[in-house]
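Open the model in your viewer and keep the selection tool at hand. The tour goes from one selection to the next and says what is there.

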Amino acid sequence: MNIELTGVSRVYGATRALSGVDLAVSDPVRVLALIGPSGGGKSTLLRLLGGLEVPDTGEIRFDSTLLGRGDNPVKSGTAMATGLSEHRKRNGFLFQAFNLFPHLTALENVALPLAKVHGLAPDAARERALACLDRFRLGDHAAKRPAELSGGQQQRVALARAMAHRPRLLILDEPTSALDPEMTAEVLEVIAELCRDGQEIVLSTHEMGFARAVADEVVFLADGEIVEWGRPESLFGAPKQAAVKGFLGRVMRW
Amino acid sequence: MLLSWRVRVSPRQTIAWTVSLGLGATFCFFFWVLLAHPWRWEAVAPYAGNLLAGWGMTLAVSAAALLMTVAIAGALTAGQLSAFAVPRALSRFYVEIVRGTPLLTQILIGFYLLAPVLKIENRFVVGVAILSAFAGAYLSEIFRGGILSIPKSQWEAARAIGLTGAQTYRYVVIPQAVRRVLPATAGQFANLVKDSSLLYVIGLGEFTMQAREVNAHTYATFESYVPLALGYLALTLPISFASRWMEERFRYEH
Ligand SMILES: Nc1ncnc2c1ncn2[C@@H]1O[C@H](COP(=O)(O)OP(=O)(O)OP(=O)(O)O)[C@@H](O)[C@H]1O
Ligand SMILES: [Mg+2]
């Protein structure tokens, strides 16, 4: 993946969620992990990368696509708006709270974007959705609505929805923080599988062991700034910044 | 010995018993009035045809107004949720005016002021138009509330999978909103049926007007108005039942 952020800021009212972030990640890197304390700006950065929002200042490029250049809000109909919309269609986004559509079955949740966004015929969309659910071991649950599924199953359906159109980039925002340990394990299992298959992924997580195991590059965000970034061995093995050391010490303690 | 006589009564039980006794007593009183009344059905019998015709007229006005109400409410809701300021302001203005003035006033203004200018002489058409213009304003507030009650996360998920704004309404927001507004919508429809009784002021020969005339001819007040009440129930209860049935059918939380 090729990601380039220069001087990226995002402000919500009085909160600076991101302030002047510079980051460049390029190709052999396939899996990028964001870690750091709560409120550090991880979700904000992922939302910008996913094209769900644009920065207030600075510039973001993914591959060669420009994802905002400090022009917030983007006027609809402009080249920028079209580019962002294309970007969103190409990628997959997974939310912490699953955000499945409660009125649709698991199968319909996965098939909806295939049919309505990616132009598959209804039958082809269902077939592909079913194959995708099978891949995530959800074949038996295709006809169930979200309320009838466990948290781990819901998150795997959401993953199937984000993966069904074979996204260029998969963005995962704390995919397991709403799950209990057993469900966390079942979801991480599936994500690790995707990583092994070569899927490009940017994720934020509080599962340090998982980040260390799957990431090619790790970024530590706190108070809207990148404090440290590098290979997982060095960031987890020998952190340079006191803030990172302190954070890792606290979360690894238990 | 004495202690065993003490019965523990929780506040909830007290409330339940009070309500039951109160309502039971009210019903008993009501039935007693009905039973004690010296009925003179033979006085109103010759007018049964008039009552039936009035009932048919009320059914026709209500059915036509119901369809138009939904159309008007849909348009007003779209206006109020529009991204543009002018339709938003105009819809808001309309809703406030209609909700802030009595239906009787609107009927009189509509019939004596607007209809002559528009050269509409058919009372049925005028009645349906006024009634749906009135009910549409209320229904649009119900619709608007339903749409705004869909959580932000659903809009965001729709955006993330690449649905357009129109597709988001069509496949994600409206199906969920419909389920939520069903009970209030059914209530509004029942109101519409009952409000149609005010159309007697423009001389539309609907149910209430017929009953008043029967009463005027026969002085058999009870015998004129009890069928009136039952006739309205025959229209409003099915609405209520249909709503319950649809709520059950469209439910997706278990
Ligand atoms: N829509 C919003 N409106 C107002 N403030 C926001 C909004 N989104 C994020 N913030 C604020 O921006 C800051 C960064 O939030 P962000 O969600 O990016 O953090 P995070 O690193 O993902 O935290 P967590 O680990 O708790 O998910 C926080 O202080 C948050 O309160
Ligand atoms: Mg977050």
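**First stop: a helix of chain B**

Select B:Q154, which lies in helix α7 of chain B. Helices here are DSSP runs of H or I with at least four residues, strands are runs of E with at least two, and both are numbered from the N terminus. This is a predicted model, in which local features need pLDDT of at least 70, side-chain atom pairs count only at pLDDT 80 or more, and totals for chains, interfaces and linings use all residues. Residues are numbered from 1 along each chain as its sequence is written, chains are lettered from A and ligands numbered from 1 in the order in which they are written, and side-chain values use heavy atoms, with hydrogens and water left out.

Is B:Q154 buried or exposed? B:Q154 is buried, because its relative accessible area is 5%. Buried means under 20% relative accessible area, exposed means over 50%, and partly exposed is in between, with a 1.4 Å probe and protein chains only.

Now show what B:Q154 is in contact with. Leaving aside neighbours within four places in sequence, the contacts are A:N99, A:L100, A:F101 and A:P102 in chain A, and B:V172 and B:Q176 in chain B. Contact means heavy atoms within 4.5 Å.

Widen the selection to the whole of α7, residues 152-160 of chain B. Its buried residues are B:Q154, B:E156, B:A157, B:A158 and B:A160. In chain A they pack against α1 (42-49), α2 (79-90), β6 (92-94) and α5, and in chain B against α8 (165-195). An α-helix has 3.6 residues a turn, so residues three or four places apart point the same way. Just after α7 of chain B, select B:G162, which takes a positive phi of about 100°.

**Second stop: where the chains meet**

Select the residues of each chain that are in contact with the other chain. On the chain B side there are 19 residues, and on the chain A side 21. The two chains bury about 1,800 Å² between them, 60% of it on carbon and sulfur atoms. Buried area is the accessible area (1.4 Å probe) that two parts lose on being put together, summed over both. Which three residues of chain B supply more of its buried area against chain A than any other three? Select B:R159, B:I161 and B:Y252: they supply 32% of that area.

**Third stop: chain B as a whole**

Show chain B alone. It has 10 helices and 0 strands. The C-alpha trace spans about 80 × 70 × 30 Å along its principal axes. A compact globule of 254 residues would have a radius of gyration near 18 Å, but chain B has 24 Å. That radius is taken over C-alpha atoms, and the globule rule is 2.2 Å times the number of residues to the power 0.38. Of the 254 residues of chain B, 37% count as buried.

Next, select B:K119, in the loop between α5 (103-118) and α6 (123-148) of chain B. B:K119 has a positive phi of about 60° although it is not a glycine. B:K119 counts as exposed because its relative accessible area is 71%.

**Fourth stop: chain A**

Switch to chain A. There are 9 helices and 10 strands in this chain. Its C-alpha atoms fill a box of roughly 55 × 50 × 35 Å, taken along the principal axes. The radius of gyration of chain A is 18 Å, which agrees with the value near 18 Å for a compact globule of 254 residues. Of the 254 residues of chain A, 54% count as buried.

Select A:I171, in strand β7 (residues 169-173) of chain A. A:I171 is buried, with a relative accessible area of 0%. Leaving aside neighbours within four places in sequence, A:I171 is in contact with residues including A:L46, A:L49, A:F93 and A:V202. Add A:L34 to the selection: A:I171 and A:L34 are 137 residues apart along the chain, and their C-alpha atoms are separated by 11 Å.

The last selection is A:R137, in the loop between α4 (122-135) and α5 (151-163) of chain A. A:R137 is not a glycine, yet it has a positive phi of about 60°. A:R137 is partly exposed, with a relative accessible area of 48%.
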